[in-house]
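These are my notes on the model, set out as numbered points. Please read them with the structure open.

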Amino acid sequence: MLKDNLSKVQKRIQEAASRAGRDVSEITLVAVSKTRPAEDVSQIYECNIRDFGENKVQEILQKSAVLAEDINWHMIGHLQRNKVRDVLKKAMLIHSVDSVRLAEKISEEAVKSGINVDILLEINIAKEESKFGFLAEQAEEALCEIEKLPNIKVLGLMTSAPFTTDPESNRVYFRALKQLLIDLNAKNTHNTTMSYLSMGMTGDFEVAIEEGATHVRVGTAIFGEREYN
Ligand SMILES: *Cc1c(COP(=O)(O)O)cnc(C)c1O
């Protein structure tokens, strides 16, 4: 059943890419397995998916301990500074860097461990009170600060658009995030060019792909409704 869900999502990704004249290989599906047992992750892994997203460090640690080593774990949730050391050992990309202080901590731990860490800056593109992330107008200053830090590389931007039943209503936000990436790259005096755009979830990933997403984070459409207890 999960496999059927995955096939449907992959087909929709393919179709959205075609509509936008994009090659589907530019788009990474991050299967968001938060709250799901390791067995569910295994089922999707067997379908050749290697990228999985979690929003809690604890869940990455628990699942990575029992699952295949070649899984790419993506940290997509708000990250506390005291959890940074643990997550760095396991996550291949941290999507949710939402403060300069957090980036400083990541850099500090990365230096201690002698590793380089790839991150995205989380942008609160719709200025929602309930969401973490930099406001678009804070992004340039934050990027300047973060780029000075050792052992950390900003590969791009991430956002969670507002919850909606009408995905078209989020098109404006996805377009704005893409434009922000272009503007920051144009101003960038450093040698890194950001190319990742992590945007689009179950409700709106097709619109996000049409607007340039390179990473879509899809949970419910693959694993079903989540039950929190
Ligand atoms: C849970 C979550 C997702 C996946 O949401 P779905 O609507 O289940 O696809 C994507 N991104 C973040 C940051 C999340 O926390």
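1. The model is a predicted one. I begin with helix H3, which spans residues 57-66. On one side of H3 the residues Ala-65 and Val-66 are exposed. The buried residues of this helix are Val-57, Glu-59, Ile-60, Lys-63 and Ser-64. These buried residues lie on the same side of H3, because the arc they cover around the axis is only 155°. Their cover includes two helices, H2 (38-45) and H4 (84-88), together with the strands E2 (51-54) and E3 (72-75).

2. Asn-5 belongs to helix H1, residues 2-19. Its relative accessible area is 17%, and a residue under 20% is classed as buried, so Asn-5 is buried. Beyond residues up to four places away in sequence, Asn-5 touches Ala-221 and Ile-222. Asn-5 and Phe-132 are 127 residues apart along the chain, and 30 Å separates their C-alpha atoms.

3. Which residues have the most contacts inside the largest nonpolar core? They are Ile-94, Ile-106, Ile-119, Leu-121 and Leu-157, in a core of 64 residues. Helix H1 supplies the largest share of this core, with six residues.

4. Leu-121 can be taken further. Setting aside residues up to four places away in sequence, Leu-121 touches His-95, Val-97, Phe-134, Leu-143, Ile-146, Val-154, Gly-156, Leu-157 and Met-158. One of these partners, Leu-157, is also among the residues with the most contacts inside the largest core.

5. Leu-184 sits in helix H7. With a relative accessibility of 4%, Leu-184 counts as buried. Apart from neighbours within four places in sequence, the contacts of Leu-184 are Ala-139, Glu-140, Leu-143, Leu-157 and Met-194. Leu-143 and Leu-157 appear in the contact lists of both Leu-184 and Leu-121. The C-alpha atoms of Leu-184 and Met-194 are 8.4 Å apart in space, and the two residues are ten apart in sequence.

6. Asn-170 lies in the loop between strand E6 (152-158) and helix H7 (171-187). Is this loop residue buried or exposed? Its relative accessibility is 1%, so Asn-170 counts as buried. Leaving out neighbours within four places in sequence, Asn-170 is in contact with Ala-161, Pro-162, Thr-164 and Asp-204.

7. The largest pocket holds about 690 Å³ of space. It is lined by 27 residues, and those closest to its centre are Lys-34, Ser-160, Met-201, Arg-217 and Arg-226. By class, the lining comprises eleven polar, nine nonpolar and seven charged residues.

8. Two backbone angles should be noted. Most residues other than glycine have a negative phi. Lys-127 is not a glycine, yet its phi is positive, at about 55°. Lys-127 is placed in the loop between strand E5 (117-122) and helix H6 (139-147). Asn-151, also a residue other than glycine, has a positive phi near 60°. Asn-151 is in the loop between H6 and E6. Asn-151 is partly exposed, at a relative accessible area of 25%.

Notes: Residues are numbered from 1 along each chain as its sequence is written. This is a predicted model: local features need pLDDT of at least 70, side-chain atom pairs count only at pLDDT 80 or more; totals for chains, interfaces and linings use all residues. Side-chain values use heavy atoms; hydrogens and water are left out. Buried means under 20% relative accessible area, exposed over 50%, partly exposed in between (1.4 Å probe, protein chains only). Helices (H or I, at least four residues) and strands (E, at least two) are DSSP runs, numbered from the N terminus. The arc is that of the directions from the helix axis to the C-beta atoms. Contact means heavy atoms within 4.5 Å. A nonpolar core is a set of buried Ala, Val, Leu, Ile, Met, Phe, Trp, Tyr and Cys residues joined through side-chain atoms within 4.5 Å. On a 1 Å grid over the protein atoms alone, a cavity is a set of points where a 1.4 Å probe fits but cannot get out, and a pocket is an open set with protein on both sides within 12 Å along at least five of seven lines; lining residues have an atom within 4 Å of a point. Grid points are joined across faces, edges and corners, and a volume is the space filled by probe spheres set on the points. Ala, Val, Leu, Ile, Met, Phe, Trp, Tyr, Cys and Pro count as nonpolar, Asp, Glu, Lys and Arg as charged, and the others, Gly among them, as polar.
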